[in-house]
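Here is a walk through one protein model, meant for someone seeing it for the very first time. Take a look at the picture, then read on.

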Amino acid sequence: MLRRTVVSVIASTAVLAADLPCARAAAQRPIPVLAYHRFDPQAARSATVVTTPVLEAQLAWLAARHYRVVPLPAVVAALRGDGPVIDGPAVAITVDDGFRSVYTEMFPLIRRDRIAVTLFINPPAISSGHAYLTWAQIDEMRQSGLVAVQPHTLSHPDFRVERARRAPADFQAFVARELAGSRAQLEARFGTRADILAWPYGIHDAELESAAAHAGYVAAFALGSRAAAPGSDPFALPRYQIYDSDRGARFAAIAEGMPRLAARPAPPQPPGR
Ligand SMILES: [Zn+2]
């Protein structure tokens with residue numbers, strides 16, 4: 001609240017307020033960030049599956065209304081007030097967990113339409129079996145210039161479970177390994193910054209957020225039925241989990257940054273895998 005008060009005072013004095021980082025942050029509108037997990041050409045066999053025709057319809061909805069799909073790092077910078085303000089209707093698209101269907105179902109669509117997407121992956125899962133992406137597929141997607149890759153921890157733990165079964169010092173060391181290790185592996189492999197985190201299952205709290213800051217992250221995304229807004233906690237930024245039922249007015253409400261419309265199917269367990 002204090003920060004908002006200061007911004008409004010500065011803005012009201014007409015002293016080049018537009019050049020001040022805090023004033024630019026105040027001008028940024030909330031941006032809906034979409035969180036997908038996996039795709040299937042025909043059937044949504046679980047809550048985290050979106051069928052390819054529905055994904056294509058969602059992308060067409062955005063294009064028809066001249067939405068910009070903004071790369072996630074640009075959204076983070078705009079929210080922090082240290083990047084250009086994102087004007088007009090805009091969303092960001094993310095996909096968690098590194099499933100193979102990102103390559104087989106989503107990538108052909110985003111390559112055709114030149115859409116930016118950020119993948120949050122667990123590096124040890126990549127090239128570990130037929131359900132997951134291979135490093136070669138990730139390299140090909142990155143080389144398109146459309147796909148960025150960021151950490152989703154090493155082992156996709158449920159941090160609540162791990163806290164319950166570990167001594168405090170052991171838990172802290174475990175968290176540090178998961179956060180720093182996944183970041184270091186991606187940065188070593190790609191030679192680019194990998195400092196935006198997605199919390200497994202969207203689980204986070206003050207201790208975890210502090211650990212993410214200590215591990216060098218600049219932002220971390222969870223889940224939540226609202227757009228990511230400037231001034232909100234950078235280590236607890238919300239994303240809309242996208243379901244196969246998000247069609248028509250349901251998807252429009254999300255893209256407009258509104259609360260979800262009622263009667264969505266309840267996921268059977270915490271979203272994430
Ligand atoms: Zn996940």
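His-156 is buried, because its relative accessible area is 4% and the cut-off for buried is under 20%. This is a predicted model, by the way, so take everything below as a description of a prediction. His-156 is found in the loop between strand S7 (147-151) and H7. Its phi is near 50°, which is a positive value in a residue other than glycine.

What does His-156 coordinate, together with Asp-97 and His-152? The partner is a zinc ion: Asp-97 binds through OD, while His-152 and His-156 each use NE2, at 2.0 to 2.1 Å. Along the chain, the donors of the zinc ion follow the spacing D-x54-H-x3-H. His-152 is buried, just like His-156.

**Another positive phi, and a glycine**

Tyr-201 also has a positive phi in a residue other than glycine, with a value near 60°. You'll find Tyr-201 in the loop between strand S8 (196-198) and helix H9 (206-214). Is Tyr-201 buried, partly exposed or exposed? It counts as partly exposed, because its relative accessibility is 23%.

Gly-81 takes a positive phi too, of about 85°, and sits just after H4. Helix H4 itself covers residues 72-80, and its buried residues are Leu-72, Val-75, Val-76, Ala-77, Ala-78 and Leu-79.

**Rings that meet**

How many aromatic pairs does the structure hold? There are nine aromatic pairs. One of them brings together Trp-135 and Phe-190: the ring centres are 6.2 Å apart and the planes stand at 65°, so the pair is edge-to-face. This pair links distant parts of the chain, since Trp-135 belongs to helix H6 (residues 135-143) and Phe-190 to helix H8 (residues 168-190), 55 residues apart. Both Trp-135 and Phe-190 are buried.

Phe-159 and Phe-171 make another edge-to-face pair, with 6.4 Å from centre to centre and 85° between the planes. Phe-159 lies in helix H7 (residues 159-165) and Phe-171 in helix H8, so this pair ties together parts that are 12 residues apart in sequence. Phe-159 is buried, and Phe-171 is as well. These two rings also have company: Phe-159, Phe-171, Phe-174 and Trp-199 form one aromatic cluster.

**Arginines over rings**

Phe-190 turns up again here, because Arg-142 lies over the face of its ring, at 3.9 Å from the ring centre. Arg-142 has its place in helix H6. With 27% relative accessibility, Arg-142 counts as partly exposed. Some 24 residues along the chain from Arg-142 is Thr-118, and the C-alpha atoms of these two are separated by 9.8 Å.

Which ring does Arg-38 lie over? That would be Phe-99, where Arg-38 is over the face at 3.9 Å from the ring centre.

**Helices side by side**

Now for how some of the helices pack. Two packed helices are described by the angle between their axes and the distance between the axes. Here are two such pairs.

| Helix pair | Angle between axes | Distance between axes |
|---|---|---|
| H3 (residues 52-64) and H5 (residues 101-113) | about 25° | 10 Å |
| H8 and H9 | about 50° | 10 Å |

Why do H3 and H5 count as roughly parallel to each other? Their angle is about 25°, and angles under 35 degrees count as roughly parallel, so H3 and H5 get that label. H8 and H9, packing at about 50°, are therefore oblique to each other. As for handedness, H3 passes H5 in a right-handed crossing, and H8 passes H9 in a right-handed crossing.

**One loop in the open**

To finish, have a look at Gln-42, which lies in the loop between strand S2 (38-40) and strand S3 (49-51). Is Gln-42 buried or exposed? Gln-42 counts as exposed, because its relative accessibility is 70%. Its C-alpha atom is separated by 8.0 Å from that of Pro-53, and these two residues are 11 residues apart along the chain.

Conventions. Residues numbered from 1 in each chain as written. Predicted model: local features only at pLDDT ≥ 70, side-chain atom pairs only at ≥ 80, totals over all residues. Heavy atoms only, no water. Donors = N, O, S within 2.8 Å, 3.2 Å for Na, K, Ca; no water. Buried < 20%, exposed > 50% of the residue type's maximum accessible area, 1.4 Å probe, protein only. Phe/Tyr/Trp six-rings, centres within 6.5 Å; stacked < 30°, edge-to-face > 60°. Helix = DSSP H or I, 4+ residues; strand = E, 2+ residues; numbered from the N terminus. Lys NZ or Arg CZ within 6 Å of the ring centre and 35° of its normal. Axes fitted to C-alpha atoms, helices over the stretch in contact; angles between N-to-C directions. Parallel < 35°, antiparallel > 145°, perpendicular 65-115°, else oblique. Left-handed = near helix turned anticlockwise from the far one by under 90°.
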